[in-house]
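Subject: Structure handover, with notes on spaces and salt bridges

Hello,

Here is the structure I promised to send. My notes follow below it.

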Amino acid sequence: MNRPPPSTPAAVPHASGIPGTAPRVLLLEDDPAIAQTVCFVLEREGFRVQPCGWLHEARAQLAAGAADLAILDVGLPDGNGLDLCRELRQGPHARLPVLVLSARSEEGDKVLGLELGADDYLAKPFSPRELVARVRALLRRAQAPLEPPAPTVAGFSVEAGSRVRFHGELLPLTRRELGLLLCLLEAPRRILTREHLLDAVWGMDADSGDRTVDTHIKTLRAKLRQVRPDLDPIRTHRGMGYSLE
């Protein structure tokens, strides 16, 4: 039976501590109790939250306005939040930070979420403090500037704004995929360990592991193959890491 979408909770005081305009969070969650909890916790910390209980509502909100981060549930009355995550990575919101918030806590579910482009995955039930910490970390990393490497390496060209072309075609990369590719481009033919890539792209405090790096390398390779199926410039060094050849 379909549940009604959550209503927007009453406004709560902002205990900001966040400079400038309050970050905007799109929340896709069909459980009213969980949605109200997330809204209360984030608004108390100075965020502006737009709750949606249906997939089509979230799509409409993204089409109508901007968001700084999206929190997506998986099982919804009219679809799957991972479908929206995949759509985001293929459109104008490709670099929008995405946190999946789901009752599905098995490793396979988490890996699938990351493969479809999620930046982080938090299982229910969750700690409100941990949720806030993860949201802040994702926004902080999204705002950190990425330093472009040398202009041209191995068929890649880096443009202003850290856009990357591969053999002339602009790559639709997520922020994590872009970070990994820029790291590899900065040190061609040098083996970079998974730990190095994890620290450089996710940060020292990231709650992620080697599997996260492997998952994003896999999606990055898939996008490169769409441009040149005959080439695989990223080499895997078993037990060591990756290099760009």
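What volume does the largest pocket have? About 370 Å³. Please keep in mind that this is a predicted model.

**The largest pocket**

The lining of this pocket is made up of 15 residues. Q90, E115, E177, T219 and K223 are the ones nearest the centre. Helix 3, helix 4 and helix 8 each give two or more residues to the lining. Helix 8 contributes the most, with five. By class, six of the lining residues are charged, five are polar and four are nonpolar. Both domains take part: domain 1 (24-143) and domain 2 (156-244) each supply at least three residues.

**The cavity**

How many cavities of 30 Å³ or more are there? The count is one. The space in this cavity is about 40 Å³. Its lining consists of R89, R95, L96, P97, D119, L138, A142, T174, R175 and R176. Helix 5 (128-143) and helix 6 (175-186) each provide at least two of the lining residues. Five residues of the lining are charged, four are nonpolar and one is polar. Here too, domain 1 and domain 2 each give at least three residues to the lining.

**Salt bridges**

The whole structure holds 15 salt bridges. Three pairs and one network are described here.

Start with a pair from the cavity lining, R176 and D119. Their side chains form a salt bridge, with N to O at 3.9 Å. The two residues come from distant parts of the chain, 57 residues apart. R176 sits in helix 6, while D119 is in the loop between helix 4 (107-115) and strand 7 (120-123). Are these partners buried or exposed? R176 is buried, at 3% relative accessible area. D119 is buried as well, at 7%.

Next, D214 and R194. Their side chains meet in a salt bridge at 2.7 Å, N to O. D214 belongs to helix 8 (residues 210-227) and R194 to helix 7 (residues 194-202), so the bridge ties together parts that are 20 residues apart in sequence. D214 is partly exposed, with a relative accessible area of 25%. R194 is buried, at 14%.

The third pair is R86 with D83. The closest N and O atoms of this salt bridge are 2.7 Å apart. Both residues are in helix 3 (residues 81-89). They are three residues apart there, so about one helical turn separates them. R86 is partly exposed, with a relative accessible area of 35%. D83 is also partly exposed, at 28%.

Finally, the network: salt bridges link E29, D73 and K124.

**One more residue in helix 8**

T212 is located in helix 8. Why does T212 count as buried? Its relative accessible area is 8%, and buried means under 20%. Leaving aside residues up to four places away in sequence, T212 touches L114 and W202.

**Where to look**

For a quick tour, open the pocket at Q90, E115, E177, T219 and K223. Then go to the cavity, where R176 and D119 are among the lining residues. Helix 8 is worth a stop too: it gives five residues to the pocket lining, and T212 is found there.

Best wishes

Terms used
Residues numbered from 1 in each chain as written. Predicted model: local features only at pLDDT ≥ 70, side-chain atom pairs only at ≥ 80, totals over all residues. Heavy atoms only, no water. 1 Å grid on protein atoms, 1.4 Å probe; cavity = no way out; pocket = protein on both sides within 12 Å on 5 of 7 lines; lining within 4 Å. Points joined across faces, edges and corners; volume = space filled by probe spheres on them. Helix = DSSP H or I, 4+ residues; strand = E, 2+ residues; numbered from the N terminus. Nonpolar A, V, L, I, M, F, W, Y, C, P; charged D, E, K, R; others polar. Domains from an automatic or database assignment. Salt bridge = Lys/Arg side-chain N within 4 Å of Asp/Glu carboxyl O. Buried < 20%, exposed > 50% of the residue type's maximum accessible area, 1.4 Å probe, protein only. Contact = heavy atoms within 4.5 Å.
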